[in-house]
Structure formats: structure tokens, C-alpha cells
Amino acid sequence: MNAPFEGIGASVRRKEDLRFISGRGNYTDDINRPNQTYAVFRRSDRPHANIISIDTSAAKSAPGVVAVYTAEDLAAIGGLPCGWQIHSKDGSPMAEPKHPVLAEGKVRHVGDPIAVVIAETKQQARDAAELIEIDLQDLPATATVTDALKSGAAQIHDNAPGNVCYDWHIGDKEATEAAFAKAAKIVKLDLENNRLVPNAMEPRVAIGDYDRHTSDYTLFTTSQNPHVIRLLMGAFVLGLPEHKLRVVAPDVGGGFGSKIYHYAEEATVTWAAGKLGRPVKWTADRTESFMSDAHGRDHVSTAEMALDAQGNFLALRVNTLANMGAYLSTFAPAVPTYLYATLLAGTYRTPVIYAEVKAVFTNTVPVDAYRGAGRPEATFLLERLVDTICHDTGFDPVAIRLQNFIPKDAFPYQTPVALQYDSGDYFTTMEVAMKNADYAGFPARKAAAAAKGKLRGIGISTYLEACGIAPSAVVGSLGARAGLYEVANIRVHPTGSVSVFTGTHSHGQGHETTLAQLVTSQLGVPFSQVEIVHGDTNRIPFGMGTYGSRSLAVGGTAMVKAMDKIIAKGKKIAAHLLEASVDDIEFADGSFKVAGTDRAKTLSEIALTAYVPHNYPITEIEPGLDETAFYDPANFTFPGGCHVCEVEIDPETGVTSIVNFTAVDDVGRVINPMIVEGQVQGGVAQGIGQALLEHAVYDSNAQLLSGSFMDYTMPRADNLTNISVATENTLCTHNPLGVKGCGEVGAIGSPPAVMNAVISALKDYGVRHMNMPASPEKIWGIINAGRKAAE
Amino acid sequence: MPQVTLTVNGKTSTVEVEGRTLLVELLREKLGLTGTHVGCDTSQCGACVVHVDGNSVKSCTMLAVQADGSSVTTIEGLAKADGTLHPMQEMFREHHALQCGFCTPGMVMAAVDLVAKNPQGLSEEQIRHGLEGNLCRCTGYHNIVKAIDAAQPLMHAK
């Protein structure tokens with residue numbers, strides 16, 4: 001019997017599942033260190049206030065308390081750094097106020113940490129935290145970008161006048177205005193992209209540890225990128241050199257962006273462990289997650305499209321206000337600029353575009369990249385605008401998209417907003433999506449639904465996204481303060497099994513499976529003989545982690561490059577053993593062969609020779625078979641596709657049910673189809689959540705109202721339906737695997753498909769636009785108002 | 001401090017707990033059974049579901065003292081002693097019903113109880129309804145529903 005095919009293209013069942021389904025995962029909260037203490041943070045319950053006094057005396061003398069710290073104790077350490085610097089239109093750098101680890105003099109959002117209690121047990125720490133007396137003097141507070149920009153609005157930071165972080169723009173303003181002046185029709189839409197809470201199921205955890213004898217620090221943390229945390233916390237906050245700081249991110253229970261950033265709790269427990277000489281463990285409860293994990297989205301925009309009489313897009317003009325929250329999180333300034341405004345061409349050949357983006361401080365939790373990060377906001381704006389054009393002008397939503405798509409033969413395609421797309425075919429993904437969704441059969445289904453008293457709607461969205469983050473020189477010129485390459489170390493062991501040390505990090509993506517498939521295909525090593533190691537700065541040479549759908553396009557390519565080196569070295573060893581010229585050695589299916597003969601050596605034989613170099617060209621090459629590669633991508637990758645959503649609304653309750661959801665995505669070469677489907681389904685579910693259910697709500701005083709799962713509506717199994725996923729792929733032209741990325745496409749394409757469907761279902765009620773989420777309350781209000789007007 | 005005696009995965013233990021200690025804290029912190037997870041503080045997410053005397057229970061909702069004298073099964077105790085996986089565990093793997101794995105123990109324990117209590121068989125809609133108490137942020141539930149459906153005949157065949 002042949003061994004099952006387990007290389008590129010096979011739906012191999014996941015290696016990691018065996019430990020997860022049997023309760024043997026190793027998440028950060030499962031780790032306990034000898035002589036461990038527990039940290040509990042006392043956080044602000046006010047959105048904006050001066051700290052008049054903090055009295056920790058009662059807490060310090062409470063049972064089991066080891067220490068209580070406030071900002072005063074942390075005076076010697078730095079603030080939390082921001083990884084990106086944006087320049088405003090006038091060339092000035094963004095306002096970059098200090099983000100203290102513990103609040104200094106002022107609190108700026110509900111959840112801002114003021115003090116930390118460290119005790120022998122978590123319960124003792126929790127009890128003592130309540131004994132801290134904090135005298136706060138309330139200040140006026142603001143939660144929304146529009147309020148924060150009003151004259152007379154409360155100033156959140158002294159060095160950010162008017163609460164503006166930056167006032168940035170991209171594109172050709174004059175050409176855009178000229179095109180608008182000539183337009184036959186201009187369609188304008190005001191829209192909001194609702195604030196979300198990422199809510200990975202595993203709350204954040206951080207354990208600091210310190211060895212007094214070696215002065216080595218260790219941080220165990222729920223991170224998507226342990227090396228980035230080592231860099232940010234070591235260099236900018238605590239002043240620790242790399243060799244004295246180990247960061248471990250073991251099994252991590254979901255991230256979706258929220259575990260990219262360096263957080264105050266990580267720095268606090270690491271610093272405190274050094275101070276106390278004992279391990280310090282902090283585990284967030286969900287309430288803390290809601291008020292301390294970076295939130296996502298929160299844009300207020302105006303979009304205008306200029307069209308000619310035939311419906312060709314002539315120019316796009318966009319104005320966006322982006323909420324940064326109270327402080328700049330690690331990647332926050334990049335999200336509404338280089339991950340958003342550069343995507344405003346979308347799938348369309350709009351010749352000129354001009355976008356202005358103002359980033360604004362408010363008294364809310366910092367906002368940063370959440371699954372899709374900027375690209376869902378751009379896609380929502382464009383695809384709602386296109387459907388609004390159809391609403392206002394009578395153009396057909398399918399025809400107008402086909403008419404304005406970037407032609408198949410136009411790649412590489414230079415957009416007017418900086419990006420150059422390498423490949424794509426938006427016609428095919430749309431054609432297949434419409435077929436899979438039986439778009440043509442919709443009128444009959446709508447009529448059948450109407451006969452049952454239900455309102456049916458169908459919505460299309462097409463999208464383009466940029467991922468595979470990122471070419472370092474490009475992002476460096478745009479303000480990134482780090483490179484975004486990736487690193488892989490491939491170690492062929494003496495008997496031929498392989499360990500891969502990757503700088504990417506898996507927190508649900510299944511890297512231990514997908515990346516092993518790359519090795520099986522390229523080196524011919526059986527899947528069971530490949531181990532993927534990630535998440536520990538002491539084991540992996542370096543790395544930038546996992547976000548922006550980069551692991552395969554960047555990290556996978558680093559592996560390919562390292563395996564190329566393994567093969568090149570193996571050829572030299574094989575040439576020696578087989579007494580042939582290196583140029584005559586071919587490598588295929590795990591074996592080095594003299595071309596045109598049956599003389600061959602397996603990779604295992606070569607590996608053994610490399611480690612037991614008794615008959616070895618020792619003067620020409622080194623022993624061992626262990627290679628490392630750094631790979632910096634030439635460009636972003638550009639997945640695209642089409643999502644079609646069909647909804648049914650119950651007019652009696654206003655509840656929207658998703659009856660069909662069809663995704664057809666171009667993600668480049670697929671390594672494991674089962675995993676790709678799962679990634680898209682999960683992304684679509686989050687997109688449906690954004691469109692129908694989720695909203696992080698602050699009241700007008702900036703108090704967080706939706707601060708628990710009781711108040712924030714997470715999608716549940718019975719809110720969703722089966723999600724049809726297919727791919728129609730074009731290959732990325734600038735990486736050897738031809739891969740693009742699939743982690744974010746679901747969350748990018750789906751929200752406008754859902755909203756276009758909802759608005760289509762409410763066509764008879766005169767609805768032109770609705771902001772997300774399309775809650776039953778909003779929809780029932782519209783239907784009921786329509787009924788009252790009719791009576 | 002109160003003493004609690006309970007049988008977990010077939011092994012009887014007596015432990016001292018505070019009156020306010022939750023069953024999940026006892027399992028994770030006193031018995032080292034870290035397969036049961038805590039995902040929220042409002043009994044909404046279901047990551048902590050275990051079986052207490054044959055019924056699925058959110059172990060963050062039950063005080064440890066309430067479990068005195070009970071028999072508890074956690075995810076660690078679901079497979080047979082020889083390591084043979086329960087059909088629900090098998091189907092979760094076969095149908096890619098987990099990604100990050102954090103909700104999985106609670107999801108599997110809830111699903112086992114759901115299927116066991118409904119030998120007449122469950123429709124897709126009934127499975128979705130039955131999962132209302134368990135949150136997953138990764139999968140969109142699609143493959144979880146498929147896995148539970150596939151586990152039904154395997155569990156009932158026994």
C-alpha cells in the first residue's frame with residue numbers, strides 16, 4: 001500500500017489536535033512556576049480623571065500581600081512603545097504621547113491600570129486590590145472621534161492638541177477634484193465601521209520569572225510574536241538585553257490581532273519578578289479583557305464616487321476619522337493609513353483616488369489591528385458605496401462591478417494609492433461565487449420567502465486585500481520602526497528526521513501541520529518525521545510572528561530558502577559519496593541522484609554522513625546539516641475574491657437569519673485545503689458577527705457599556721449557518737510557493753456582503769444605508785416606522 | 001477550610017478549599033487538571049464544561065463544595081485508559097472542528113452530553129441550538145456541527 005500523500009495540497013489532519021482534544025494543551029495559564037505569586041491590577045473605573053492620591057497602606061498590610069506598586073515605583077522604566085510613526089500632511093510627525101505602564105497622574109480610559117497587587121494567592125491579591133484608596137478628580141471625557149474633535153473637547157494628552165494624533169493623506173487631490181468636476185454623477189455615503197472587541201477565547205496571561213543567580217528573565221505570555229515582545233519590552237521598557245530575556249508564547253488560544261501588542265501587564269510582571277526574585281503570574285478575567293485588550297475598527301467616514309454616464313468610476317474621495325483610543329497601541333497608527341487607505345482601489349480600476357485620514361485620541365481602550373486590520377474597513381466602505389451607487393442610479397450591482405473590475409490582463413497593476421497588485425482575477429471569483437450561490441435563482445427564493453411573510457435579500461461583495469506583511473524597505477519608508485521579514489531554521493537530524501524552528505507563531509492556524517507539509521514536499525521527509533517548533537525566543541533564532549496573513553507567504557518562504565540551502569549542501573556531500581560532479585547531482589523525492597543513473601543517496605544517508613563525517617570532504621564543507629534563512633518579501637501578497645450572502649428577515653421581530661453564505665476566494669496556492677476552509681469559515685463568522693451582532697458600545701461619558709459576554713453579542717452556533725467555501729486561485733508571482741494568505745479574507749469580504757443583503761431585503765422600506773450591526777432593534781424600528789407611515 | 005471529597009476521572013481525592021473556590025479552580029489548581037479552561041467570568045463561554053454525575057456543568061458556575069461526593073469527568077478522563085479516543089474527540093479531529101483548541105475541551109464535553117441525552121438523533125438545527133452555551137471564536141461552528149453530527153451514529157452504535 002502506498003503511504004498517504006501528505007505534501008502540499010493534501011488535507012492532512014492536524015498534528016496539534018491530539019493534545020488539544022485530550023486536554024493536554026499547554027496554554028500560558030496552565031503554567032505554574034515554583035514559589036509563584038499572583039498579580040491583580042486595580043484599574044480605573046473612570047474614563048478620564050486626575051489622580052489626586054493613591055493610598056496603598058491598607059492593601060500592603062492585607063493578608064498574603066507581597067507588594068503593591070504604582071507608577072511611582074516604576075519611575076525608572078520606559079513607557080510602552082509604538083512600532084509605527086506616521087507623518088501628517090504638513091510633514092510633522094504624529095503626536096506620540098507617553099503610554100505609561102501604570103497610569104501617571106491621570107487615567108485616560110476605563111480599564112487604565114493604576115496599581116498592581118502581588119500576593120501569595122490570587123484571591124488575596126484580589127481582596128487587597130479592593131483596599132487601595134484612590135482619589136480621582138473626574139474630567140470631561142469623550143468616546144467618539146466626532147466628539148473628541150469638537151472645539152472645547154476635553155484634552156486627553158497635553159502634547160496632542162485638539163486630540164489629533166495625525167492628519168494624513170494619500171493620493172492625488174487635484175486630479176481627484178478635476179475628475180469630480182467633470183463627473184456625470186456623484187454618489188456620497190456617510191458610514192461608520194463599528195468598534196469591535198476581538199475576544200479570543202483564551203484571555204491574556206503573563207508570568208514573569210527571574211533567576212537571581214544568573215540574572216535571567218523569562219516571560220511566559222499569550223503572544224502572537226514572542227520575539228517582537230522581547231524586542232519592545234527588552235529594549236524600550238525594561239532595558240534588558242536580548243540574551244537576558246527569554247519570551248515564551250506556548251499554546252495560545254486565539255489572537256486575531258489582539259495578542260500582537262506589547263501590553264502593560266507583561267512589563268509589570270517581568271519587572272516585578274526581578275524586584276521580588278519570585279515568579280509573578282497574572283491571568284486576565286474576561287471583564288479585564290474587554291477593557292484592556294486592544295479593540296478593533298471604529299472608523300467614521302465619508303466616501304464619494306464620481307462616475308461618468310455609463311457607470312465607469314472616475315474618481316474616489318474618502319475622508320476618515322479613525323479612533324486610536326486613549327494611547328497608541330503597537331501598530332495602531334498604521335491601521336487606518338497603510339493598511340486601509342492604500343486598499344481603497346479595491347478590485348476596481350478607479351483611476352484617481354484621494355483619501356484623508358485623521359487619527360484621534362479618545363477616552364477609550366486603545367484601538368489596533370483586529371483580523372483584517374484596515375482592509376475590512378476599506379472593503380466595507382467601497383462595497384457599500386458601490387451598492388449605494390446602484391441604489392441611487394439604478395445600475396445593476398453585478399454589472400457595475402464587472403464593468404469596473406481591473407482587467408485580468410492588467411497585472412501587475414499599479415493602483416493610484418501606492419500598491420502594485422501582482423496577480424488576481426476578480427471576474428472568475430465573482431462568476432463562481434454567483435454560480436455557487438445560485439444568484440440567478442434568487443428571485444424565486446425571494447418570492448417563496450415573501451409568501452411566508454419573510455423579507456429576503458441578497459448581497460455581493462468583492463474584495464482585495466494586501467497581506468504577507470511585509471517588504472521591510474517599503475514599510476520602513478512608510479514609518480515602520482522594524483523590519484517585517486521572517487526567519488526559519490531547518491535542522492535535519494543525523495537519522496533524517498527534521499525540526500523546523502520558525503519565527504511565526506501558531507495560535508489556531510495549524511502551522512504544525514501546514515509547515516510540516518512544506519518539508520514533506522520539498523525534502524521528501526515523511527510528515528510524521530517533521531516537527532515544527534515555535535513560540536520560544538530561546539529555541540528560535542529570530543522572528544516577527546504571526547499576523548497580517550504572513551506566516552506562509554513570509555515564514556513559509558523563509559523555510560523554502562533554508563531548505564534550498566540544505567539541498568545545496570546535501571548535493572555536495574552526495575557528489576563526494578557518489579564520486580560525481582556536484583553539477584550532475586539531482587535532488588527529488590528525498591533522494592540525491594547522479595543524473596541519468598540509478599546511483600543515489602537518500603537524505604537520511606546524507607544527514608548521517610554530515611553528522612558522522614568519516615568519509616567526508618571536510619576541507620571543503622563543514623559537517624552538520626542545519627541551515628537558517630531570513631526572507632524579506634519583495635511585495636505584499638494580494639488575495640481577493642467574492643462573497644455572496646443571502647438573508648431572511650422576520651418582520652415581526654427584526655431578526656436577520658443568514659440563509660446562505662458563499663465565499664469564493666483567491667488565496668494563491670493552497671497547502672492544506674481543510675485548514676484553508678476552516679480559516680475562511682472562521683473569518684466569515686467574525687464578519688457576520690460584525691455585521692449583525694457585535695458592537696463595543698461606550699456611553700456619552702465614555703463608560704464602557706458592553707463590557708462582558710452578557711452585553712457584547714458574540715456569534716453563537718445558532719446565529720450562524722453553514723458557510724460554503726471555495727477557492728479560485730491565481731498564484732502569487734513573487735514568492736516561490738505562489739501563496740497569498742487566507743487568515744483574514746473571511747473577515748474582510750463578509751461584512752459588506754451581509755449588509756448589502758440586509759439592505760436589499762429592506763428595499764421596500766426605502767433603506768439606503770445602515771451602520772453595523774444590523775440589530776433586530778434597528779431593523780424592527782425601520783419596518784415598524786414603515787408600517788406606521790403606511791397606516 | 002472546608003474539605004471536599006470527590007472522584008475525578010475515576011480517582012478519589014480529598015482537598016481543602018475556601019468556601020468561595022469554584023469547581024474549575026479545584027480542578028485546575030488543586031488537581032492540576034488544566035485541560036478544563038476558563039474563558040469568561042459570567043458563565044457564558046462554556047470553556048469550562050465538565051460532567052458532574054453524568055451531566056454537563058459549567059464548572060465556573062459551581063462551587064467546589066457543591067461537588068462534594070460527586071463523580072466528575074473532565075476532558076482528560078474522556079478517552080479510554082488505553083488511550084483510545086472517545087468518538088467525539090475522533091470526529092473533532094477528523095472534521096477540523098478546532099483551531100486554537102481553547103474552547104475545545106468544553107465544547108467536546110458539552111457535545112458528548114448533548115448527543116448522549118438524545119439517542120433519537122439530533123438535526124443540524126438542534127445541534128446548533130444545543131451548542132448555545134459554548135462560544136468558539138475560531139471555527140464559525142461549521143465544522144463543530146459537522147463533527148457532532150458525525151459522532152452521533154458512532155456514539156449510539158455502542
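The following paragraphs describe how chain A is divided and how two of its domains meet, and then turn to the contact between chain A and chain B in this predicted model.

Chain A is divided into three parts, each given here with its bounds: domain 1 (31–139 + 201–254 + 259–292), domain 2 (299–469 + 635–790) and domain 3 (485–631). Between the C-alpha centres of domain 1 of chain A and domain 3 of chain A there is a separation of 40 Å. These two domains nevertheless touch: 16 residues of domain 1 of chain A are in contact with 14 residues of domain 3 of chain A. On the side of domain 1 that touches domain 3, the elements giving two or more residues are helix 6 (226–238) and strand 11 (245–248) of chain A. Helix 6 of chain A provides the largest share of that side, with four residues. In terms of residue class, the side of domain 1 of chain A that touches domain 3 of chain A has eight nonpolar, five polar and three charged residues.

The second contact joins the two chains. Chain B contributes 42 residues to this contact, and chain A contributes 44 residues. On the side of chain B that touches chain A, two or more residues come from each of helix 2 (87–94), helix 3 (104–116), helix 4 (124–130) and helix 5 (142–156) of chain B. Of these elements, helix 2 of chain B gives the largest share, four residues. The residues on the side of chain B that touches chain A comprise 18 nonpolar, 16 polar and eight charged.

How values were computed:
Residues numbered from 1 in each chain as written. Chains lettered and ligands numbered in written order. Predicted model: local features only at pLDDT ≥ 70, side-chain atom pairs only at ≥ 80, totals over all residues. Contact = placed C-beta atoms within 7 Å. Nonpolar A, V, L, I, M, F, W, Y, C, P; charged D, E, K, R; others polar. Domains from an automatic or database assignment.
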